[in-house]
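Grab a coffee and work through a few exercises with the model open beside you. Try each task on your own before you read its solution.

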Amino acid sequence: MLSGYLFKNIRTTQRLLRNFSSDAKFFKVEVVSNHRKAPLQTQRKSIAPRFEKKTRQKISDYLKQMATPEIEAQLAPLRAAVKEYGDLIRDLKAKQAPKIDIDKAVVELKARKKLLEETEIALAPKEASFDRLKLEDLLKRRFFYDQSFAIYGGVTGLYDFGPMGCALKANMLQQWRKHFILEEGMLEVDCTSLTPEPVLKASGHVDRFADWMVKDTKNGECFRADHLIKNSIEKLMNDKKVSAEIKKDGEDVLARLEGFDDKDMHEVITRFKFKSPITGNDLTEPIAFNLMFPTQIGPTGDFKAFLRPETAQGIFVNFKRLLEFNQGKLPFAAAQIGLGFRNEISPRQGLIRVREFTMCEIEHFVDPEDKRFPKFAKVADEKLVLFSACNQLDGAPAREVAIGEAVANKTVANETLGYYMARCHQFLMKVGIDGRRLRFRQHLSNEMAHYAQDCWDAEILTSYGWIECVGNADRACYDLQQHYKATNVKLVAEKKLPEPVDVDIVEAQANMALLGKKYKKEAKKIQTALQQLTSEQVTAIEAELVAKQLYNLDINGEKFELAPDLVNIKKYSKKIHVQEITPSVIEPSYGIGRIMYALLEHSFRQREGDEQRTFLAFKPLVAPIKCSILPISANDTLVPVMDAVKEELSHYELSYKVDDSSGTIGRRYARTDEIGIPFGITVDFESGKTTPYTVTIRHAETMSQIRLEVSELGRLISDLVSGRQQWSDAQAKYPKFEASAE
């Protein structure tokens with residue numbers, strides 16, 4: 001009976017495979033993402049030789065994470081069919097069934113797995129089989145960036161940018177400045193990277209800016225504890241020998257990992273018996289490691305400082321000056337582009353985790369009771385893929401929602417935060433991030449700082465998984481209040497009241513004649529401290545002076561004894577027209593290196609039919625070099641045309657690279673395509689035969705060409721770079737040029 005059952009199912013699967021192979025020349029499916037639909041045609045016979053086992057596994061893992069409901073509906077029954085026979089084989093072995101029955105079941109299982117793999121390959125978008133090694137080879141060979149001090153062996157977490165990487169980064173920063181600082185009318189500052197210890201003590205960085213670290217007990221090698229746990233559990237999940245119960249336990253750990261403290265991490269490492277991933281040695285208990293780089297200012301070494309871990313504190317400590325510059329009005333936004341430094345425990349993954357990085361941060365100061373945004377209506381219909389805290393806790397997928405709807409139903413806390421999320425989405429799309437691989441993930445309550453009201457990370461899917469590239473946070477009033485407590489300098493704004501209000505004022509006034517005799521030069525400091533006390537604090541001082549005839553005033557840890565004759569308590573009523581408020585801060589924070597790496601992955605292409613021919617398809621707006629100039633030969637008759645082309649491009653401030661090296665024009669096209677130059681200008685023997693001169697322009701991604709006069713060249717490429725025209729517009733306007741096959 002069992003043999004008959006197995007035989008029947010084997011024949012059924014074989015029939016399905018034959019139908020899949022021969023019933024249609026093309027297997028056509030709809031690849032559906034959170035953002036758009038795209039039909040994909042895959043020729044069946046080309047699948048098998050193109051994908052190795054490792055690549056097939058990568059595609060399967062990708063679809064488990066990214067499959068839309070439509071794709072999942074097609075894969076779910078095939079996965080269930082594989083699981084059915086996997087369970088059956090385990091049951092047969094447990095019951096010591098005849099070997100022939102087990103062998104037949106194994107044949108059936110392999111057939112079902114093959115059908116599942118082939119279907120996954122047919123459904124998967126191209127990025128699912130992305131080859132990171134090919135991209136890394138291109139980036140290193142063409143010196144986009146490389147490890148710093150490579151000839152000395154290199155330093156992990158530090159990178160030098162070459163000409164192409166430097167230009168790409170500069171173009172991204174230029175677009176960020178235009179998109180936010182210029183279009184939103186922000187106040188830009190440039191603050192020092194050296195930060196005195198008291199500033200970072202007040203902000204909480206000295207005490208709390210740390211990661212948990214474990215060490216190899218024998219060689220002392222360090223690992224970040226949460227990363228070690230995550231990587232180790234992911235390895236377990238892919239191990240077929242690990243039981244379903246342990247995998248379920250691992251999934252639960254991953255879901256709660258962000259909120260773990262040192263005791264939680266030690267318990268997990270002990271329970272799963274995790275070892276050093278390099279040596280297999282035991283690990284120490286997790287210990288806190290502060291991520292800031294310490295230094296000293298001045299020759300004595302007494303003035304402790306740190307390299308800043310973020311640019312935000314420079315804006316907070318300059319709040320008063322910025323408010324004055326803005327004529328005392330709220331809301332306003334300040335922005336800064338600069339370097340941050342974090343002494344990462346074990347930096348890996350290239351530009352994604354480094355020790356020195358470029359940040360672009362915005363601090364938007366707003367009335368805590370009114371977080372509406374005047375221009376919110378302009379972005380209300382912008383659709384974002386939101387992965388809310390509720391979705392994460394319920395195990396539900398992220399979903400596409402209009403930001404106006406998300407703010408209205410309080411998924412996103414307020415209009416100002418929602419506005420910056422929409423603008424973030426627009427910026428990332430503008431520079432070339434694939435919208436299908438972009439989402440906004442809300443922080444769970446155990447991830448957020450105690451003072452934060454709402455946080456959403458813009459995460460981009462790369463071959464390393466979902467990577468946080470932008471943080472959008474409502475930080476409430478925390479930062480300004482902390483610096484006020486540390487300095488006694490009020491960091492407040494004034495809010496006009498609808499109607500004047502009578503308030504009771506209680507002030508502590510220093511008796512400077514007696515105070516000066518007792519405390520000499522310290523008297524002024526005491527007077528200033530008394531002036532900055534609130535009415536509630538003064539009332540408490542008065543009560544203690546009456547009860548004890550003495551009050552100890554604390555100024556930055558220094559105690560000053562005040563008797564009743566040194567302080568006069570003054571009470572009076574006052575009509576006020578304005579109210580002092582500590583502004584809330586909405587903070588978008590951009591990691592440019594991470595966005596840049598994601599952009600490199602999303603722009604990487606392989607030519608159809610020639611997978612060894614790789615290239616980068618940047619958006620012209622951020623492409624490091626906008627066009628190449630390629631003379632068809634070294635003939636002197638082409639020199640005047642070349643000079644005219646250079647002059648035209650320079651007039652429009654367009655960067656270009658001349659490739660007049662030997663080799664076929666096709667080979668030179670491939671070289672310039674590889675480094676992401678979107679347009680190739682070819683000067684051929686027809687160019688100088690007419691007046692005015694003519695040239696051809698080749699679009700790198702499509703390889704199509706048009707011919708036009710040199711006098712029109714600069715304006716056209718400028719329009720293509722800025723987005724005022726698309727390549728299809730140029731093709732419609734100018735005659736097509738048919739080139740020989742490249």
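The exercises below go through a predicted model, one region at a time.

**Exercise 1. Work out the strand order of the open sheet of 3 strands, and find its edges.**

Solution. Start with the order: it reads 8-7-9, and the pairing is antiparallel. Next, look for strands that pair on one side only: these are strand 8 (222–224) and strand 9 (287–290), so they are the edge strands. From one strand to the next, the twist averages 50°.

Now zoom in on one pairing. Strand 7 (residues 210–215) and strand 8 run antiparallel and are joined by 3 bridges. One residue pair to click on is Lys215 with its bridge partner in strand 8, Cys222. Finally, see what lies across these strands: helix 10 (residues 225–237) crosses strand 7 and strand 8, at about 75° to strand 8.

**Exercise 2. Decide how Cys222 and Cys360 each rank for exposure, and count the disulfides in the structure.**

Solution. Take Cys222 first. Its relative accessibility is 23%, and because buried means under 20% and exposed means over 50%, Cys222 lands in the partly exposed class. Cys360 has a relative accessible area of 0%, so Cys360 is buried. As for the disulfides, the count is 0. As a reminder, a disulfide is a covalent bond between the sulfur atoms of two cysteines.

**Exercise 3. Find the buried residues of helix 12 (residues 262–272) and say how they are arranged around its axis.**

Solution. First, pick out the buried residues: Met265, Val268, Ile269 and Phe272. They span an arc of only 95° around the axis, so they sit on the same side of helix 12. The general background is handy here: an α-helix has 3.6 residues a turn, so residues three or four places apart point the same way.

Then ask what covers these residues. The cover includes strand 7, helix 10 and helix 11 (244–256).

Last, check the two ends. At the start of helix 12, a side-chain oxygen of Asp261 comes within 3.1 Å of the backbone nitrogen of Lys263. Just after the helix, Lys273 has a positive phi of about 60°.

**Exercise 4. Is strand 12 (residues 332–341) mostly covered or mostly open, and which way does it pair with strand 5 and with strand 13?**

Solution. Begin with burial: 9 of the 10 residues in strand 12 are buried, so the strand is mostly covered. On to strand 5 (residues 187–189), which pairs with strand 12 in the parallel sense over 3 bridges. In that pairing, Leu187 stands opposite Ala334 of strand 12. With strand 13 (residues 356–366), strand 12 pairs in the antiparallel sense over 10 bridges. There, Gly340 has Phe357 in strand 13 as its bridge partner.

**Exercise 5. Describe the surroundings of Leu116 and find the polar contact of Arg112.**

Solution. Leu116 belongs to helix 5 (residues 99–123). Its relative accessible area is 11%, so Leu116 is buried. Leave aside neighbours within four places in sequence, and Leu116 is in contact with Leu75, Leu78, Arg79 and Val82. You can also check a distance: Leu116 and Ala76 are 40 residues apart in sequence, yet 9.5 Å apart in space, C-alpha to C-alpha.

Arg112 is in helix 5 too. With a relative accessible area of 9%, Arg112 counts as buried. To finish, follow its side chain: a polar contact of 3.0 Å joins it to the side chain of Glu84.

Technical notes
Residues numbered from 1 in each chain as written. Predicted model: local features only at pLDDT ≥ 70, side-chain atom pairs only at ≥ 80, totals over all residues. Heavy atoms only, no water. Pairing = 2+ DSSP bridges. Helix = DSSP H or I, 4+ residues; strand = E, 2+ residues; numbered from the N terminus. Axes fitted to C-alpha atoms, helices over the stretch in contact; angles between N-to-C directions. Contact = heavy atoms within 4.5 Å. Disulfide = S-S within 2.5 Å. Buried < 20%, exposed > 50% of the residue type's maximum accessible area, 1.4 Å probe, protein only. Arc of directions from axis to C-beta. Polar contact = N/O pair within 3.5 Å; in protein donor to acceptor, adjacent residues only side chain to side chain.
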